[in-house]
Amino acid sequence: MRKHRVLYYSLIAVALVFVFGVVTAVLSIKNDYMNKFYISLAICAISLILFIIFYVQYNFADSDLKKRWMHYFFTLLDDDIDYENEINITRNNFAKDDDSQKNKIAKPNFFGAKKLCNFSTLKTGKIVYSCIVQANAKLFTPSKFIHQVLPAVVVFSMDEYYDKNPLELKNIAKDLFANKQNNVLKNEYMYFANLPVPECFTNGRQVFVSTILVYRKHLPWGGITGTHLIVPLIANPEKCSSAFIVDSLYWSKNIVANYLSEIKDISNNVADRAQGETDNIFDNLQNTDNVQQNIEDIDKENLKNDDANQIFEENKSEDEKDQNKN
């Protein structure tokens with residue numbers, strides 16, 4: 001905690017030094033003090049580097065987690081995914097770890113959370129695919145509080161059919177969310193466990209909807225990157241009301257890559273929108289240029305007409321003078 005506070009104040013101090021360097025550089029260039037200008041630039045560069053270092057340390061204080069997330073950054077998604085094989089890899093990774101504290105989370109203090117923290121599931125449960133239906137809004141935003149535990153609602157099934165077809169859980173999650181005003185999702189403050197999803201959503205298969213507690217640290221990049229994501233879940237609906245998202249440490253490469261692909265999709269959508277807006281701006285500017293050119297052409301034409309009228313009036317005056325003389 002003390003280290004975290006030191007990093008926080010260091011960030012503020014370095015930011016102030018950077019601002020001081022920028023102001024000094026501007027004043028130096030205005031007064032033509034080139035030596036001071038170069039010194040100010042050096043201060044800005046050093047303070048910027050320090051700010052980046054302190055920022056990374058402040059937001060990702062867990063060194064092991066830092067290494068893991070950097071590894072995720074370079075994980076690529078295979079073209080053809082065998083979902084059944086991927087969930088089996090995850091199960092094997094989890095089973096090989098003998099740590100008695102694996103996948104444990106801190107018990108939060110908010111009302112109703114206690115019944116969702118039965119850790120016996122971690123020993124007796126089975127790892128299956130699940131899909132996030134909805135979650136606490138804070139999980140959708142980046143946060144330095146990687147040890148936060150927040151509620152979410154997921155759909156999952158123990159039916160082996162979904163080992164091969166987890167994307168059907170995504171469709172079920174979307175349908176439930178779209179009809180939330182008519183189902184258990186209507187009251188976001190009500191926690192429930194292992195409720196059967198109506199068969200009209202599941203084609204007659206047994207699927208459960210349940211509130212779970214999500215530990216940020218167990219997710220790639222510490223949060224939810226999009227809507228209705230597929231995540232491995234360990235559950236035992238017959239004997240335990242608690243279920244937990246499997247720590248991403250045990251996920252297969254493709255499950256991690258599939259999860260993070262949402263970031264790329266969001267980035268691409270933002271980039272496309274930005275490009276579209278830029279194109280509109282250029283089109284408007286082009287239209288403005290065309291209008292301006294039309295105005296200039298009209299002005300030139302008017303000037304020509306004015307010159308012609310002036311010449312006509314002069315000639316007319318000369319003719320009238322000649323007539324008067326005669």
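# Exercises on a sheet and a surface patch

Strand E2 (residues 149-156) and strand E4 pair in the antiparallel sense over eight bridges. The exercises below concern this pairing and its surroundings in what is a predicted model.

**Exercise 1.** Determine which residues of E4 stand opposite Val-153 and Leu-150, and which one stands opposite Leu-195.

*Solution.* Begin with the pairing of E2 and E4, which is antiparallel and extends over eight bridges. Within E4, Thr-211 is the residue opposite Val-153, while Val-214 is the residue opposite Leu-150. Turn next to strand E3 (residues 195-196), which pairs with E4 in the antiparallel sense over two bridges; here Leu-195 has Val-209 of E4 opposite to it.

**Exercise 2.** Establish the order of the strands in the open sheet, and explain why E3 and strand E6 (243-245) each have one side without a neighbour in the sheet.

*Solution.* The sheet is open and has six strands, arranged in the order E3-E4-E2-E1-E5-E6 with antiparallel pairing. E3 and E6 stand at the edges and have a single partner strand each, so one side of either strand is left without a neighbour in the sheet.

**Exercise 3.** Decide whether the faces of E4 are covered or open, residue by residue.

*Solution.* In a regular strand, side chains alternate between the two faces of the sheet. On one side of E4 lie Phe-208, Ser-210, Ile-212 and Val-214, on the other Val-209, Thr-211, Leu-213 and Tyr-215, and all of them are buried. Since buried means under 20% relative accessible area, the count for E4 (residues 208-215) is eight of eight, and the strand is therefore largely enclosed by the rest of the structure.

**Exercise 4.** Identify the strands that helix H4 (residues 83-96) and helix H7 (residues 167-178) lie across, and give the angle of each helix to E1.

*Solution.* Helix H4 lies across strand E1 (126-135) and strand E5 (230-235), and its angle to E1 is about 105°. Helix H7 lies across E1, E2, E4 and E5, running at about 30° to E1.

**Exercise 5.** Locate the nonpolar surface patch that includes Leu-48, and classify the accessibility of this residue.

*Solution.* The patch, whose residues include Phe-18, Val-22, Leu-48, Phe-51 and Tyr-55, has about 880 Å² of accessible area together. Helix H1 (2-30) and helix H2 (34-59) each supply at least two of its residues, and the largest share, six residues, comes from H1. Leu-48 itself belongs to helix H2, and because its relative accessibility is 42%, Leu-48 counts as partly exposed.

Methods
Residues are numbered from 1 along each chain as its sequence is written. This is a predicted model: local features need pLDDT of at least 70, side-chain atom pairs count only at pLDDT 80 or more; totals for chains, interfaces and linings use all residues. Side-chain values use heavy atoms; hydrogens and water are left out. Patches are made of residues with over 30% relative accessible area and no salt bridge: like charges are joined within 9 Å, nonpolar side chains (Val, Leu, Ile, Met, Phe, Trp, Tyr) within 5 Å. Accessible areas come from the Shrake-Rupley method with a 1.4 Å probe; for residues, only the protein chains shown count as cover. A salt bridge is a side-chain nitrogen of Lys or Arg within 4 Å of a carboxyl oxygen of Asp or Glu. Helices (H or I, at least four residues) and strands (E, at least two) are DSSP runs, numbered from the N terminus. Buried means under 20% relative accessible area, exposed over 50%, partly exposed in between (1.4 Å probe, protein chains only). Two strands pair if DSSP finds at least two bridges between them. Contact means heavy atoms within 4.5 Å. Axes are lines fitted to C-alpha atoms, for helices over the stretch in contact, and angles run from 0 to 180 degrees between N-to-C directions.
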